[in-house]
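Please keep the structure open beside this note while you read, and look up each residue as it is named. The points below go through one region after another.

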Amino acid sequence: MNIIVQTFNGKTVTRPDTSWDRKNEDLYTPETVESISFSPVLFARICKPGKSIAERFADRYWDGFGYGVLLYADNFIDGTPEGFASASCLDHTSFLPSPVYLKPVMGNPGNTFVLKCGRKKLFEHCEASASTVNKALEQASQYMLVRAGDLLAIELDRRRSVCRKGSMAHLSGTFCGNFLLDFKIIM
């Protein structure tokens with residue numbers, strides 16, 4: 001199982017499944033990490049394998065969606081591809097909650113994803129659409145075989161700093177009034 005990420009600037013990268021935090025547990029960062037940034041994501045669960053999937057057929061390859069957060073170790077990002085890969089591979093930094101929502105829930109008025117740090121609202125999104133997922137799946141499948149069980153995460157905003165060494169951040173997220181995320185980053 002891989003986490004295929006379409007970055008906010010449109011590039012496709014892959015995170016290992018070791019980065020997936022399935023239990024919404026607090027993140028205790030390694031001592032080498034000096035700051036953490038986040039990017040909110042819309043993600044889809046891949047239900048059948050495929051390669052070079054055309055956008056018009058992409059809807060057949062995913063069966064559910066959700067919202068989550070990807071975290072990055074900022075000081076690892078040094079402008080090189082290796083630096084970005086290191087920042088992306090940190091264990092338990094992909095908060096993609098399950099179970100996922102069914103496709104008909106997507107785009108309904110009032111179904112809003114809200115991400116907060118403490119009481120401060122960091123991000124809000126209500127314009128999810130199947131075409132967004134389908135376009136990202138077409139792009140990703142040009143580079144790699146997608147398999148059943150993979151997650152396709154689409155960054156919805158640029159990375160922003162959320163926590164620095166010696167501090168703590170409490171992130172929480174809701175969708176349709178349901179809690180999705182609730183964890184602390186402890187540095």
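1. Please bear in mind that this is a predicted model. A good place to begin is helix α1, whose buried residues pack against strand β2 (12–15) and strand β5.

2. Which residues of helix α1 (residues 81–88) are buried? They are Gly83, Phe84, Ala87 and Ser88, and because they cover an arc of only 135° around the axis, they lie on the same side of α1. As a general point, an α-helix has 3.6 residues a turn, so residues three or four places apart point the same way. The face of α1 turned away from the buried side carries Pro81 and Glu82, which are exposed.

3. Strand β5 (residues 62–73) deserves a second look, since it supplies 6 residues to the largest nonpolar core, the largest share of that core. This core has 45 residues, and the members that touch the most others are Tyr67, Leu71, Leu137, Val162 and Ile185. Apart from this core lies another one, of 13 residues, and among them are Ile3, Trp20, Ala87 and Leu151.

4. To see how one core residue is surrounded, take Ile185: leaving aside neighbours within four places in sequence, Ile185 is in contact with a list of residues that includes Leu27, Ile36, Leu71, Val162 and Met168. That list also includes Thr29 and Ser167.

5. Finally, please check the hairpin formed by β7 and β8, which has 2 residues between the strands. Strand β7 (residues 113–117) and strand β8 (residues 120–125) run antiparallel and are joined by 5 bridges, with Cys117 standing opposite Lys120 in β8. In the turn, Gly118 has a positive phi of about 65°.

How values were computed:
Residues are numbered from 1 along each chain as its sequence is written. This is a predicted model: local features need pLDDT of at least 70, side-chain atom pairs count only at pLDDT 80 or more; totals for chains, interfaces and linings use all residues. Side-chain values use heavy atoms; hydrogens and water are left out. A nonpolar core is a set of buried Ala, Val, Leu, Ile, Met, Phe, Trp, Tyr and Cys residues joined through side-chain atoms within 4.5 Å. Buried means under 20% relative accessible area, exposed over 50%, partly exposed in between (1.4 Å probe, protein chains only). Helices (H or I, at least four residues) and strands (E, at least two) are DSSP runs, numbered from the N terminus. Contact means heavy atoms within 4.5 Å. Two strands pair if DSSP finds at least two bridges between them. The arc is that of the directions from the helix axis to the C-beta atoms.
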